[in-house]
Amino acid sequence: MTFEELLQRYAAGERNFAGINFDKSKILKNVDLTGINLRGVNLSGVRIERSNLSEADLFGACMIGSTLIEVNLSRANLTGASLCRVDWRNVNLSEACLSGANLTKAGLQNANLFFTNLEEAILVQTSLNGSTNTESVFRIHDAFIWNLRLPDGSIDEGPRFEFLEY
């Protein structure tokens, strides 16, 4: 399926695209996919810009090497997602669930982390540089933390497996 087909079906009222395979689709811009179900979908290398995926279900999705710029993922479910090397810029992750997600080498530049759930997430060489509301992260206990770049640019060298407090 192409992103164009997805957008047509979404516009027609369909919301469940779990497990769909996309054909060489690489860019989504200026789209509203509120509440879409993309469980287990492979979005590796995809670029998403200025789009709304609030309340999206991305449980177990693979987004390795993707780029998300000015994307609203508030209240999205990213539980167990593979988010290695994802470039997040000005992304709203408020009230999103990233429990058990792998954020190895991800860059969350200027991300909104208000009440974000990072329980059991893997934060290895992850950057939170410039991120906001990090003091309001809902849960981060049992996360594996190593070489985490904090919002102020300093590095928490870890490694550790515990609750992180700013």
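Reader: How many residues does the largest nonpolar core have, and which have the most contacts inside it?

Author: Bear in mind that this is a predicted model. As a general idea, nonpolar side chains in soluble globular proteins tend to be buried together. Here the largest nonpolar core has 43 residues, and those with the most contacts inside it are L73, L78, L83, W88, L93 and L103. Helix α1 (residues 3-11) supplies the largest share of this core, three residues.

Reader: Take L83, then. What is L83 in contact with, leaving aside its neighbours within four places in sequence?

Author: On that basis, the partners of L83 are M63, L78, W88, L98, A101, N102, L103, T104 and A106.

Reader: Now the sheet. In what order do the five strands come, and which are the edge strands?

Author: It's an open sheet with parallel pairing, in the order β1-β2-β3-β4-β5. An edge strand pairs on one side only, and here those are β1 (27-29) and β5 (107-109). From one strand to the next, the twist averages 5 degrees. For a closer look, try β2 (residues 47-49) and β3 (residues 67-69): they run parallel and are joined by three bridges. In that pair, E49 stands opposite I69 of β3.

Reader: And T132: where does T132 lie, and why does T132 count as partly exposed?

Author: Look in the loop between β6 (122-124) and β7 (143-146) for T132. Partly exposed covers the range between the buried limit of 20% and the exposed limit of 50%; T132 gets that label because its relative accessibility is 39%. T132 also touches A111, N112, L113 and F114, not counting residues up to four places away in sequence. With N112, the C-alpha to C-alpha distance is 5.0 Å, though the two are 20 residues apart in sequence.

Conventions. Residues are numbered from 1 along each chain as its sequence is written. This is a predicted model: local features need pLDDT of at least 70, side-chain atom pairs count only at pLDDT 80 or more; totals for chains, interfaces and linings use all residues. Side-chain values use heavy atoms; hydrogens and water are left out. A nonpolar core is a set of buried Ala, Val, Leu, Ile, Met, Phe, Trp, Tyr and Cys residues joined through side-chain atoms within 4.5 Å. Buried means under 20% relative accessible area, exposed over 50%, partly exposed in between (1.4 Å probe, protein chains only). Helices (H or I, at least four residues) and strands (E, at least two) are DSSP runs, numbered from the N terminus. Contact means heavy atoms within 4.5 Å. Two strands pair if DSSP finds at least two bridges between them. Axes are lines fitted to C-alpha atoms, for helices over the stretch in contact, and angles run from 0 to 180 degrees between N-to-C directions.
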